[in-house]
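Subject: A structure for you to look through

Hi,

Here's the structure I promised to pass on. Have it open while you read, and follow along with my notes underneath.

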Amino acid sequence: GINAEYMGKAVVGEEALSKEDLLYLEFLEKFEQQFLKQGFNEARDIFQSLDLCWQTLRTFPQEMLTKIKQSTRDKFYEKSAPR
């Protein structure tokens, strides 16, 4: 597949990207590395997956997460994953 992060940087150059664009690239990298690349032997339950999703979403300031209801953001955005 095409590496979207590389393509975004290669087409315009990383220095030409806005702060928001850089956040999206950071999110993409975290999402691919931490969430999608679950190891074959990694047994993650739904709650661990949801915690990992929130950790990844915290790349963005809360106010950028407009597709998530405010009440849901209030409940989970600041919550840290269990240790």
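Let's begin with Glu42, which has a relative accessible area of 38% and so counts as partly exposed. One thing to keep in mind from the start: this is a predicted model. The side chain of Glu42 meets that of Arg44 in a salt bridge, with 3.5 Å from N to O. Is Arg44 buried or exposed? Its relative accessibility is 16%, and because buried means under 20%, Arg44 counts as buried. So this salt bridge has a partly exposed partner in Glu42 and a buried one in Arg44.

How many salt bridges does the structure hold? There are 2 of them. Besides the pair you've just seen, Lys30 forms a salt bridge with Glu26, and the closest N and O atoms are 3.1 Å apart. Where do these two residues lie? Both are in helix H2, 4 residues apart, which is about one turn of the helix. Lys30 has 25% relative accessibility, so it counts as partly exposed. Glu26 comes out at 35%, so it is partly exposed too.

Now zoom out to the whole chain. Its secondary structure comes to 4 helices and 0 strands, and if you read along the sequence you get the pattern α-α-α-α. Of the 83 residues in the chain, buried ones make up 24%.

Next, try looking at how two of the helices sit together. Two packed helices are described by the angle between their axes and the distance between the axes. Helix H2 covers residues 19-36, and its axis comes within 9 Å of the axis of H3. The two axes cross at roughly 160°. What does that angle tell you about the directions of H2 and H3? Angles over 145 degrees count as roughly antiparallel, so H2 and H3 are roughly antiparallel to each other. As for handedness, H2 passes H3 in a right-handed crossing.

Last stop: helix H3 itself, which spans residues 46-57 and has Ile46 in it. Ile46 has 54% relative accessibility, and because exposed means over 50%, this residue counts as exposed. Which residues form a nonpolar patch on the surface? They are Ile46, Phe47 and Leu50, and together they have about 330 Å² of accessible area. Try colouring those three and turning the model until you can see them.

Cheers

Note on methods:
Residues are numbered from 1 along each chain as its sequence is written. This is a predicted model: local features need pLDDT of at least 70, side-chain atom pairs count only at pLDDT 80 or more; totals for chains, interfaces and linings use all residues. Side-chain values use heavy atoms; hydrogens and water are left out. Patches are made of residues with over 30% relative accessible area and no salt bridge: like charges are joined within 9 Å, nonpolar side chains (Val, Leu, Ile, Met, Phe, Trp, Tyr) within 5 Å. Accessible areas come from the Shrake-Rupley method with a 1.4 Å probe; for residues, only the protein chains shown count as cover. A salt bridge is a side-chain nitrogen of Lys or Arg within 4 Å of a carboxyl oxygen of Asp or Glu. Buried means under 20% relative accessible area, exposed over 50%, partly exposed in between (1.4 Å probe, protein chains only). Axes are lines fitted to C-alpha atoms, for helices over the stretch in contact, and angles run from 0 to 180 degrees between N-to-C directions. Angles under 35 degrees count as roughly parallel, over 145 as roughly antiparallel, 65 to 115 as roughly perpendicular and the rest as oblique. A crossing is left-handed if the near helix is turned anticlockwise from the far one by less than a right angle, and right-handed if clockwise.
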